[in-house]
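Visitor: I'm new to this structure and would love a close look at one part of it. Could you pick a single spot in a loop, and then lead me outward from there?

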Amino acid sequence: MFNPISRRTLLKIASMSFSVNTMKLSASLLGTETSARQHDHMIVSDLFPAHPLEQIREIVTVAHFDLKRVKELVGPRPSLAHAAWDWGFGDWETPLGAASHMGNRPIAEYLLSQGSPPSLFSAAMLGQLDAVKTFVTTEPGVQRIRGPHSISLLAHARMGGEAARQVFDLLQSLGDADADPPVPLTEDETAALVGTYIFGVGVAQQVDLTADLKMYVNSKMYTYPPQLNWTRKGTMPRPLFHLGNRTFYPAGAPSVRIHFIEEAEDLLMNISDGELAFSAVRNQPSRR
């Protein structure tokens, strides 16, 4: 004879079933044979099944320079070869994109072997002349598209060295495959802008504007290096390029505008990114 189950009992059974299944899934993801009960202490990320953000940031970062670590991350989890990270203002970068503009052939070839989708930029760095020719022929003007951090297609070929010489020569012959030079910024103009800008009450609601550009010295990534670094507290620096009249765009986001204006005794930084627009005021040093 069928005995009806109360609502409270049904909820208890469902809760127990979900808990056991979750622990079994955790054990399976870890590749272990231990029982689910032994993983009672595990906490599943709120982002699951999406990759943890710290893991995405690490794979994109190390793909610039560390093949060993790339293999340690991608080997057990090949889907990381498809990851992408936004460094700021929509400056998205994949592991392959990182290896490509660094001219790191071993990392690029490994990522491709793990299923990372090839791109025009990886083809340029790797010296794949036929692939680049096909892009240029079938999509007129494609050579003007910039890669991560606004690094030009020509620069990717340059980073590929001698193996990409033919691609470099092809792109150079087009006349517009490199970045346009930014408007010059004098030392006095730079000194007048640097400082800490505040747009809220929290420590993270501050932007440091500096002229510390040591990381770009002797680098072939940029034909024309950035002129300032824009860094929100707790984030990575965003290189800025001058458009004139104290107006800049951040690397990888040519449509964003960062403009400086004087208002009374303050220097304001106006940021415009689509529908997002706000101002920050430079912190004035205390006067005694």
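Guide: Let's start at Asn104, which sits in the loop between helix H4 (95-102) and helix H5 (105-113). Please keep in mind that this is a predicted model. Is Asn104 buried or exposed? Its relative accessibility is 18%, and because buried means under 20%, Asn104 counts as buried. Leaving out residues up to four places away in sequence, Asn104 touches His64, Phe65, Ala99 and Met125.

The two helices on either side of that loop lead us to a nonpolar core. H4 and H5 are among the elements that give two or more residues to the largest nonpolar core, along with helix H2 (53-62), helix H3 (67-74) and H6. This core has 22 residues, and those with the most contacts inside it are Ile59, Val70, Val74 and Leu111. Take Ile59 as a guide to the surroundings: beyond four places in sequence, Ile59 touches Val70, Leu73, Val74, Leu80, Ala83 and Pro95. There is also a second, separate core, made of 16 residues, and it includes Leu120, Leu129, Leu154 and Ala177.

Leu129 brings us to helix H7 (residues 129-138), whose buried residues are Leu129, Val132 and Val136. Why do these residues line one face of the helix? Seen down the axis of H7, they fall within an arc of 70 degrees, so they line one face. The face turned away from that buried side carries the exposed residues Asp130, Thr137 and Thr138. As for what the buried residues of H7 pack against, the partners are helix H6 (120-126) and helix H9 (165-174).

Further along the chain, we come to Thr190, found in helix H10 (residues 187-191). Thr190 has a relative accessible area of 13% and is buried. Setting aside its neighbours within four places in sequence, Thr190 is in contact with Leu185, Ala211 and Leu228.

Leu228 is a handy stepping stone into the strands, as strand E5 covers residues 228-232. This strand is mostly covered, with 4 of its 5 residues buried. On one side, E5 pairs with strand E4 (residues 206-210) in the antiparallel sense over 4 bridges; here the bridge partner of Val207 is Arg232 in E5. E5 is also joined by 3 bridges to strand E6 (residues 238-244), again running antiparallel, and Leu228 stands opposite Leu240 in E6. The hairpin of E5 and E6 has 5 residues between the strands, and in this hairpin Gly234 takes a positive phi near 90 degrees.

Now step back to see where these strands belong. They are part of a closed barrel of 8 strands, running E3-E4-E5-E6-E7-E8-E9-E10 with antiparallel pairing. On average, neighbouring strands of this sheet are turned by 30 degrees against each other, direction ignored. In general, strands of a sheet pair through backbone hydrogen bonds, either parallel or antiparallel. Elsewhere in the barrel, strand E8 (residues 257-263) and strand E9 (residues 266-273) run antiparallel and are joined by 7 bridges. One pair to look for is Glu263 with its bridge partner in E9, Asp266.

Key
Residues numbered from 1 in each chain as written. Predicted model: local features only at pLDDT ≥ 70, side-chain atom pairs only at ≥ 80, totals over all residues. Heavy atoms only, no water. Buried < 20%, exposed > 50% of the residue type's maximum accessible area, 1.4 Å probe, protein only. Contact = heavy atoms within 4.5 Å. Pairing = 2+ DSSP bridges. Axes fitted to C-alpha atoms, helices over the stretch in contact; angles between N-to-C directions. Arc of directions from axis to C-beta. Core = buried A, V, L, I, M, F, W, Y, C linked by side-chain atoms within 4.5 Å.
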